[in-house]
Amino acid sequence: MPVIALGLNHQSAPLDIRERAVIPADDLEAAMARLAALPSLHEAAVLSTCNRLEVYAVVDDAQQGDAIQQWLEQERDLPTGWMTPHLYRLSGPDAVHHLLRVAAGLDSLVLGEPQILGQAKLAYRSAAQAGLLGQILDRLFQHAFAVSKRVRHETAIGAHPVSVPYAAVTLARQIFGDLSTLRTLLIGAGEMIELVARHFHEQGMRQITIANRSAAPARTIAAECHGQAIPLEAIADHLPQADIVVACTGSDTPIVSHDIVARALRDRRYQPMFMVDLAVPRDIEPRTEQLRDVYLYTVDDLRDVIDRNIRSRAAAAAEGEALVAEQSARFMDWIHTLAAVESIRHFRHRGERLRDMELARANRELASGQPPEAVLDALARRLTRKLLHAPTIGLRDAARDGEPDTLEKARQTLGLDNDDDRSGS
């Protein structure tokens, strides 16, 4: 049963495609229940983030990817084949290698960013809850987590604080210079916003407001950066005071509309407003960027800042890639042993069956009064002849068919290159 992966990410699909394809967290449980119903699908996990949507699966046939694509398109109410130009499909070692790179942050928009590991662990837990985690994916994800930890600890890829939130703060610093006197409104209370708040606070910013639907997480982040927490409905009242706005929620529709930003600009007498939308789907209505004094950036607009960070991590990434390649091969070695398990079990069962048959025959011969030495000698000869029959035929066929590699491998497996036959020593 092959392991396959299919999906799209920031390299294969632009933002407007990704935001239509992403599966909201609230819909994931029901979506995975429908995924589990697909025929010939044994295991599956869905990794859904702002920059990627990927399905990892264990199937009877790699062509099962067609059914998984159809499931994805149906879940997002998309036309059949809509994803095809942007979808990548991987199988076997390529799929394994891809997941290890993803978990290690080597396939991220920001090279080496640590958030993806937490998102991969969430995908693992969701698969387990849906009853879609079996022997192969369980071990694959656990292996990916271990490899990610090694890459982070054995290379310098995490030596500098590089992430999408850090890139947003870096861009703000490049535009404004000193951030200490500016006022910031952060919308959301997830990991991205928490990191943005932390980075802004470290840059000396003291006027930070956190707006979120749930009050508790907003208060927690606000306490860490000495800011204030407000309900989501109060955004319009606080927007006129905000020099910088960063949004990242899980909403399906924009939270900040063009109209409330236009009103906020009038109230602040058209002082420029720097806005960053880190969410997919977007939290800030896209046409907001048409307002004259608004500077709106999305995750795709942060590429210049991120590209410079990628160059600074290139050497560490090369070390990480080598480690991932080595560990991908190691996992595939384990996969290959699974294919032999059933054959080994059958081979052992056959040998034990022959042993029992010959032992029963020998006991009958002893009971009939035949000499024990003759019975034991006949038992050994018959059992040896029967056990060696199939391997002997196989060696003869390999030699006759001109398969020297197969013949040599068989000789090594059977220990025929060992001149020391003193098995009793």
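Contact here means heavy atoms within 4.5 Å. With that in hand, start at one helix of this predicted model. Helix α11, residues 258-267, lies across β9 and β10. Strand β9 spans 273-277. The helix runs at about 155 degrees to β9.

Those two strands belong to a sheet. Six strands form this open sheet, in the order β7-β6-β5-β8-β9-β10. Their pairing is parallel. The edge strands are β7 (228-231) and β10 (294-298), and each pairs on one side only. From one strand to the next, the twist averages 20 degrees.

Now look at β5 and β6. Strand β5 covers residues 183-187, and strand β6 covers residues 207-212. Five bridges join these parallel strands. R183 has Q207 in β6 as its bridge partner. L185 is partnered by T209, also in β6. Strand β6 is mostly covered, with five of its six residues buried. Helix α9 (residues 215-224) lies across β6 and β7. The direction of α9 is at about 165 degrees to β6.

Move on to the other sheet. Four strands form an open sheet in the order β2-β3-β1-β4, and here the pairing is antiparallel. Its edge strands are β2 and β4, each pairing on one side only. Strand β4 takes in 88-91. The twist in this sheet averages 15 degrees from one strand to the next.

Which strand do four bridges join to β1? That strand is β4, which runs antiparallel to β1, residues 3-9. G7 stands opposite Y88 in β4. Helices pack on this sheet as well. Helix α2 touches β2 and β3 (52-59). The direction of α2 makes about 155 degrees with that of β2. Helix α6, residues 135-154, also packs on the sheet and touches β1, β2 and β3. The direction of α6 makes about 30 degrees with that of β2.

Next comes the empty space. Rolling a probe the size of a water molecule over the atoms shows where such space is left. The largest pocket has a volume of about 960 Å³. Of the 32 residues that line this pocket, A25, S48, T49, T249 and G250 are the closest to its centre. Several elements contribute to the lining. Helix α2 (25-36), strand β2 (41-48), helix α5 (115-129) and helix α8 (191-202) each supply at least two residues. Helix α5 gives the most, with five residues. By class, the lining of the largest pocket has 18 nonpolar, 11 polar and three charged residues. Elements α2 and β2 thus appear twice in this tour: α2 packs on the four-stranded sheet, touching β2, and both supply residues to the largest pocket.

A pocket is open, whereas a cavity is a set of points where a 1.4 Å probe fits but cannot get out. How many cavities of 30 Å³ or more are there? The count comes to two.

The largest cavity has a volume of about 140 Å³. It is lined by 15 residues. Nearest its centre lie N51, S108, E113, Q119 and M192. Helices α5 and α7 (164-176) each supply at least two residues of this lining. The largest share, three residues, comes from α5. Helix α5 therefore serves two linings under the 4 Å rule for lining residues: it gives five residues to the largest pocket and three to the largest cavity. The lining of the largest cavity has seven nonpolar, six polar and two charged residues.

The second largest cavity has a volume of about 40 Å³. Its lining consists of L8, R18, A21, V22, T49, C50, N51, R52, L53 and V280. Helix α1 (15-21) and strand β3 each supply at least two of these residues. By class, the lining divides into six nonpolar, two polar and two charged residues.

Two residues are worth finding again on the structure. T49 is one of the residues closest to the centre of the largest pocket, and T49 also lines the second largest cavity. N51 is among the residues nearest the centre of the largest cavity, and N51 lines the second largest cavity too.

Key
Residues are numbered from 1 along each chain as its sequence is written. This is a predicted model: local features need pLDDT of at least 70, side-chain atom pairs count only at pLDDT 80 or more; totals for chains, interfaces and linings use all residues. Side-chain values use heavy atoms; hydrogens and water are left out. On a 1 Å grid over the protein atoms alone, a cavity is a set of points where a 1.4 Å probe fits but cannot get out, and a pocket is an open set with protein on both sides within 12 Å along at least five of seven lines; lining residues have an atom within 4 Å of a point. Grid points are joined across faces, edges and corners, and a volume is the space filled by probe spheres set on the points. Ala, Val, Leu, Ile, Met, Phe, Trp, Tyr, Cys and Pro count as nonpolar, Asp, Glu, Lys and Arg as charged, and the others, Gly among them, as polar. Two strands pair if DSSP finds at least two bridges between them. Axes are lines fitted to C-alpha atoms, for helices over the stretch in contact, and angles run from 0 to 180 degrees between N-to-C directions. Buried means under 20% relative accessible area, exposed over 50%, partly exposed in between (1.4 Å probe, protein chains only).
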